[in-house]
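Here is a friendly walk through one model, written with a computational chemist in mind. Please keep the sequence and the 3D view open as you read.

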Amino acid sequence: MIILSVETSCDETSVAITLDGRTVLSNVVLSQIDTHTLYGGVVPEIASREHVKGITHVFKKALKDAAVTAADVDLVAVTQGPGLIGSLLVGINAAKAFAYAHAKPIIGVHHIVGHMYANAINQSLEFPLLALIVSGGHTELIWMPSHMQFERLGKTQDDAIGEAYDKVARILDLGYPGGPKLDALAKTGTARFAMPKTQLDGYDFSYSGLKSHVINVVHNMAQREETYDPADLAASFQKAAMNQIFEQTQKAIKAYHPKRLIVAGGVAANAYLRAHMKDVWDVPIEIPAFEYCTDNAAMIGIAAYYQWQASPKSWSFDFNGFARMDFLTEAYNKGEEVIR
Ligand code: KG4
Ligand code: ZN
């Protein structure tokens, strides 16, 4: 089964061709980083316009790179949400136009489900599994008894970990995109600053206290005209942020005994996480290859394959995109159209 998938939820315009929910034949990602760098962050209106400018070219290149024609495509899949609504709608409308013109079935996919299924590229998932989601908008532990079955064990009570990375990077004047820049800076520093440890219920997370602490440290030192090495502060923040991830995940592993731990989302690209996550616990850990951690359409195509197995029914052309949406609804678990 050949799937053409589209992802435009934030600042990457991406189209991929995947085969049988396992093999990536092409994965074209047009990044808008250079454009948004000028403004120090993603400007939603500009993101939408950049998607409009790039999407046709990205569709053509994905087909060409995979040596596939429109006629070969069996299913069209597109990120339905969550994300920037204007950006999502560019991808959704392009996917609908392609599906309509070539008389192909189409389905919508949840962005975070796509991130999780990046772990199914070139391999089979082993169930039951525990999924750790660490992205710009989500920090969650999800229990998956089988394909497309999701039960949330814990989530962040306030900020997502990626959001905290981005805000701390901004305070340290590292520019956009903050997460990777803070990651690189932390490598050169020593975690010598004391960081607060948040008391957490169950398998939940919390990052606003840690973020506020770093902001206060920076302001207090500025007031006292003290000099410090920002790399040390970055390393201290990173160690505390990741310790929380490691501790809560370990607690869930001990209680649930999954066959696998999969890591998903943009922060899975983090070097400290990748170095320290492996071999820590008594469970095999999967982290997607670096290029499949951040936003890409290949992960959407892989998820779409399993969603289609659960419910092989084309959605009607009037489905909408959603800035906010959950993937734990019964309809989504069955791969059916999410109606709001
Ligand atoms: O998963 P993603 O696309 O976000 C959502 O889907 O919500 O990932 C984007 C997030 C951003 O917050 C970005 O700063 C963070 O992932 N990120 C990183 C790294 N690379 C991306 N955070 C820390 N270290 C990195 N190397
Ligand atoms: Zn993402």
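The report below covers conventions, confidence, the metal site, the strands and one helix.

**Conventions and confidence**

This is a predicted model, in which local features need pLDDT of at least 70 and side-chain atom pairs count only at pLDDT 80 or more, while totals for chains, interfaces and linings use all residues. Residues are numbered from 1 along each chain as its sequence is written, chains are lettered from A and ligands numbered from 1 in the order in which they are written, and side-chain values use heavy atoms, with hydrogens and water left out.

The pLDDT is the predictor's confidence in each residue, from 0 to 100. The protein chain averages 95, and 99% of the residues score at least 70. Helices (H or I, at least four residues) and strands (E, at least two) are DSSP runs, numbered from the N terminus. Among these elements, strand S1 (residues 2-7) has the highest mean pLDDT (99) and helix H11 (residues 330-333) the lowest (81).

**The zinc site**

Donors are N, O and S atoms within 2.8 Å of the metal (3.2 Å for Na, K and Ca); water is not among the atoms, so sites may look incomplete. For the zinc ion (ligand 2), the protein donors are His111 (NE2), His115 (NE2) and Asp295 (OD), at 2.0 to 2.1 Å. Their spacing along the chain is H-x3-H-x179-D. His115 sits in helix H4 (residues 111-117) and Asp295 in the loop between strand S10 (285-286) and helix H10 (298-310), so this pair ties together parts 180 residues apart in sequence.

Buried means under 20% relative accessible area, exposed over 50%, and partly exposed in between (1.4 Å probe, protein chains only). His115 is buried at 3%, and Asp295 is buried at 14%.

**The strands**

Two strands pair if DSSP finds at least two bridges between them. Three pairings are listed here.

| Pair | Sense | Bridges |
|---|---|---|
| S1 and S2 | antiparallel | 6 bridges |
| S2 and S3 | antiparallel | 8 bridges |
| S4 and S5 | parallel | 5 bridges |

A hairpin with 4 residues joins S1 to S2. Another hairpin, with 3 residues, links S2 and S3, and Asp20 in its turn has a positive phi of about 50°. In strand S5 (residues 106-110), 5 of the 5 residues are buried, so the strand is largely enclosed by the rest of the structure.

**Helix H7**

The buried residues of H7 include Leu210, Val214 and Met221. Seen down the axis, the buried residues of H7 fall within an arc of 120° (taken from the directions from the helix axis to the C-beta atoms), so they line one face of the helix.
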